[in-house]
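Hi,

Here is the structure I promised to pass on to you. Please have it open while you read, and my notes follow just below it.

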Amino acid sequence: MKKVIVTFLFAVMILTGTAQTAENAGGMKFETGTWADILAKAKMENKYVFLDAYTTWCGPCKWMDKNVFPTAEAGAFFNKNFVNAKIDMEKGEGIEIAKQYKVNVYPTYLFVDGNGELVHRLVGSMETPAFIKSSSNALDPEKQYVTLLKRFDNGETNPEFVYNLAYIAKGAYDRSKAQELAATYLKGQTNLLEEKNVKFISEFTTSASDPNFEFMRKNAAVFEGSMGKERYQQQMYGMVYQSSFEVVGFKRDLTKEQGAQCIKTASEYFSKTLPEQAPKLTNSFAMNVFRTTKDWDSYAKQAIGYYEKNPSSDWSELNSVAWNFFENVTNTEHLQKAVTWGLESIKLYEGYANMDTVANLYFKLGDKAKAKEYANRAIALGKTSGEDTSSTEKLLVDIVQL
């Protein structure tokens, strides 16, 4: 009898130990129930809520859900220190939560006390160690984003404090506050061309309407030396291009006549604002207008001219324009040009999307063998990466029946 009891107790100890090990080795445990229930639990346990504010269409959200939240390291840290919750910001209570905490980019991570007061926030996907390190700031009042903001709003303007807080605001995707902090910091600087300030200006100047845009343009050599010429030119180009849509009054329902006027106005704006890149900007803007007005012949000619002068090393950009040609262009010569962009995109990165684009282009051109080859490659890549390949599988059936 003693042997039986001892054996039984030993078995219980093994099972208990196994259960504890599994619990400790598990990933993050997320609470269910209403937002009020979750806050009440956090208040009772004297913990903050960690809220994964996500959407179902957000790729980085899915990546975190698959690669970070299930890890033992994340589980050990978050389960000990927080009451964890996941809420879709486009459904149920999530809609109001998104409004309350001004969630407009995904994924956003909110750290909230039991009373619903926000103390810290993070944005974006990151590897487990960085995620834990960044989240640990929510536990330290000296590093909590919202707590630091209160110090600034209450009048603390020490340059180093404001400098660091500006970067934290940028990391939290709090754009308006980041710009306010950046302006406050720079206002107190006597030498804007100091390397530290040059780097700061380049990172916090986001629009051609920003007062520091013209400073960057006039001091191009300094910023090119700090950033690198290519990156400097890309940033200046991007800021002017984005600003142009508001300047010219761009709309999604333009007539062809209105589109032509937009191109003319934009060209004048580019020549005045960034003359060294005005031709490239005008060509790119015209492509956008022709795409909007569905003037596909003009779009095709403009795109071919643009990429002959400005070859792209961005696989996604090349794939996008090639797909536009597949969907909307009928000229055989133009479609063959789109194939070259698709193939160049594949050289830069072999993915399901660009393989599928090339397969469709070859099919449209009547090249059955090439269409079949790239369709099969696309399906193989898509299945490996877990993507929906049904449209390509249907294409393959159509190819066989051609």
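The sheet is an open one of 5 strands, with mixed pairing and the order 1-3-2-4-5. Its edges are strand 1 and strand 5 (118-123), each of which pairs on one side only. Please keep in mind that this is a predicted model. Strand 2 and strand 3 run parallel and are joined by 7 bridges. If you would like a spot to zoom in on, Phe 50 stands opposite Asn 84 in strand 3. As general background, strands of a sheet pair through backbone hydrogen bonds, either parallel or antiparallel.

Next comes helix 2, which covers residues 35-45. Which of its residues are buried? They are Trp 35, Ile 38, Leu 39 and Ala 42. Viewed down the axis of helix 2, these buried residues fall within an arc of 95 degrees, so they line one face of the helix. On the face turned away from that buried side you will find the exposed residues Ala 36 and Met 44.

What do the buried residues of helix 2 pack against? Their partners are strand 1 (30-31), strand 2 (48-54), strand 3 (82-88) and strand 4 (108-112), together with helix 5 (93-100). Four strands of the sheet order given above therefore appear in that list, strand 1, strand 2, strand 3 and strand 4. After helix 2 comes Asn 46, and its phi is positive, near 55 degrees.

Now to the surface. Trp 315, Leu 348 and Tyr 349 form a nonpolar patch there, and together they have about 270 Å² of accessible area. Tyr 349 sits in the loop between helix 18 (332-348) and helix 19 (352-365). Is Tyr 349 buried or partly exposed? With a relative accessibility of 42%, Tyr 349 counts as partly exposed.

The last residue I looked at is Lys 368, which is found in helix 20 (residues 368-385). Lys 368 is partly exposed as well, its relative accessible area being 37%. Leaving aside residues up to four places away in sequence, Lys 368 touches Ile 399, Val 400 and Leu 402. Along the chain, Lys 368 and Asp 398 are 30 residues apart, and their C-alpha atoms are separated by 9.8 Å.

Happy to go through any of this with you.

Best wishes

Definitions and conventions. Residues are numbered from 1 along each chain as its sequence is written. This is a predicted model: local features need pLDDT of at least 70, side-chain atom pairs count only at pLDDT 80 or more; totals for chains, interfaces and linings use all residues. Side-chain values use heavy atoms; hydrogens and water are left out. Buried means under 20% relative accessible area, exposed over 50%, partly exposed in between (1.4 Å probe, protein chains only). Helices (H or I, at least four residues) and strands (E, at least two) are DSSP runs, numbered from the N terminus. The arc is that of the directions from the helix axis to the C-beta atoms. Contact means heavy atoms within 4.5 Å. Patches are made of residues with over 30% relative accessible area and no salt bridge: like charges are joined within 9 Å, nonpolar side chains (Val, Leu, Ile, Met, Phe, Trp, Tyr) within 5 Å. Accessible areas come from the Shrake-Rupley method with a 1.4 Å probe; for residues, only the protein chains shown count as cover. A salt bridge is a side-chain nitrogen of Lys or Arg within 4 Å of a carboxyl oxygen of Asp or Glu. Two strands pair if DSSP finds at least two bridges between them.
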